Amino acid sequence: MVTAYIGLGSNLGDRWATLRTAVGQLRTLGQVTAVSSLYETEPVGYRDQPWFLNAVVILETALEPQELLHRLLEIERAAGRQRLFPNAPRTLDLDLLLYDAVVMASEELVVPHPRLHERSFVLVPLVELAPDLIHPQFEVPLRVLMEALGERATAVRRLAGPEWVNEG
């Protein structure tokens, strides 16, 4: 079993319900050991779109990184995800952020996520769950990466504690 950190995001449709359903589907891939608070965040890249809801899940899984990626993409498709253009609005976005201390790059998958250290919408919920986790490439704790964002951080507003996943 390995520990995978999965970023969740949604800015179309019933965002809360979509993310709750996604967490339920992640449970079919292993054991969800933690779910972060739920955050509302401003879009990055293409800015003319609704704000996102974001969270992070810790998943203990036996799946290899490529298989885990394929299963995440299946969950996205089942939620109606369409890839119209980079940073487009989406019903569901699932990102494999970290996979234990694995560092790998292929045409299909880069782990750790290549922009993890630049994105407050990922770092805030990730640091909530694992502040002292060491980034396997930069060899510093995640909280240090979050602090380094400083003024470059995008707006992140906590909407609910981890109990959000069981509400509704």
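This report walks through the cores, the main pocket, one helix and the salt bridges of a predicted model.

**Cores**

Let's start inside. The largest nonpolar core holds 30 residues, and Leu26, Leu68, Leu96 and Trp164 have the most contacts inside it. At least two of its residues come from each of strand E1 (2–10), helix H1 (15–26), strand E2 (31–35), strand E4 (52–61), helix H2 (65–78) and strand E5 (93–99). Leu68 is a handy place to zoom in: beyond its neighbours within four places in sequence, Leu68 is in contact with Ala4, Ile6, Leu29, Leu59, Thr61, Leu63, Leu96 and Tyr99. There is also a second, separate core of 15 residues, with Val56, Leu116, Val127 and Ala130 among them. In soluble globular proteins, nonpolar side chains tend to be buried together.

**The largest pocket**

Next comes the open space. The largest pocket offers about 750 Å³. It is lined by 38 residues, and those closest to its centre are Arg83, Asp93, Asp95, His113 and Arg115. By class, 20 lining residues are nonpolar, seven are polar and eleven are charged. E1, E4, H2, E5 and helix H3 (120–129) each give the lining at least two residues.

**Helix H3**

H3 deserves its own look. Seven of the ten residues in H3 are buried, leaving the helix mostly covered. The buried ones are Ser120, Phe121, Val122, Leu123, Pro125, Leu126 and Val127. Their cover includes E1, strand E3 (38–41), E4, E5, helix H4 (142–149) and strand E8 (156–160).

**Salt bridges**

The structure holds eight salt bridges, including these:

| Pair | N to O distance |
|---|---|
| Glu40 and Arg157 | 2.3 Å |
| Arg47 and Glu42 | 2.6 Å |
| Arg90 and Asp93 | 3.5 Å |

What does the salt bridge between Glu40 and Arg157 tie together? Glu40 sits in strand E3 and Arg157 in strand E8, so the pair links parts that are 117 residues apart in sequence. Glu40 is buried, at 14% relative accessible area, whereas Arg157 is partly exposed, at 46%.

Glu42, the partner of Arg47, counts as buried because its relative accessible area is 16%, under the 20% cut-off.

In the Arg90 and Asp93 pair, both partners are buried: Arg90 has 11% relative accessibility and Asp93 has a relative accessible area of 13%. Through shared partners, salt bridges join Glu76, Arg81, Arg90 and Asp93 into one network. Asp93 also brings us back to the largest pocket, being one of the residues closest to its centre.

Note on methods
Residues are numbered from 1 along each chain as its sequence is written. This is a predicted model: local features need pLDDT of at least 70, side-chain atom pairs count only at pLDDT 80 or more; totals for chains, interfaces and linings use all residues. Side-chain values use heavy atoms; hydrogens and water are left out. A nonpolar core is a set of buried Ala, Val, Leu, Ile, Met, Phe, Trp, Tyr and Cys residues joined through side-chain atoms within 4.5 Å. Buried means under 20% relative accessible area, exposed over 50%, partly exposed in between (1.4 Å probe, protein chains only). Helices (H or I, at least four residues) and strands (E, at least two) are DSSP runs, numbered from the N terminus. Contact means heavy atoms within 4.5 Å. On a 1 Å grid over the protein atoms alone, a cavity is a set of points where a 1.4 Å probe fits but cannot get out, and a pocket is an open set with protein on both sides within 12 Å along at least five of seven lines; lining residues have an atom within 4 Å of a point. Grid points are joined across faces, edges and corners, and a volume is the space filled by probe spheres set on the points. Ala, Val, Leu, Ile, Met, Phe, Trp, Tyr, Cys and Pro count as nonpolar, Asp, Glu, Lys and Arg as charged, and the others, Gly among them, as polar. A salt bridge is a side-chain nitrogen of Lys or Arg within 4 Å of a carboxyl oxygen of Asp or Glu.
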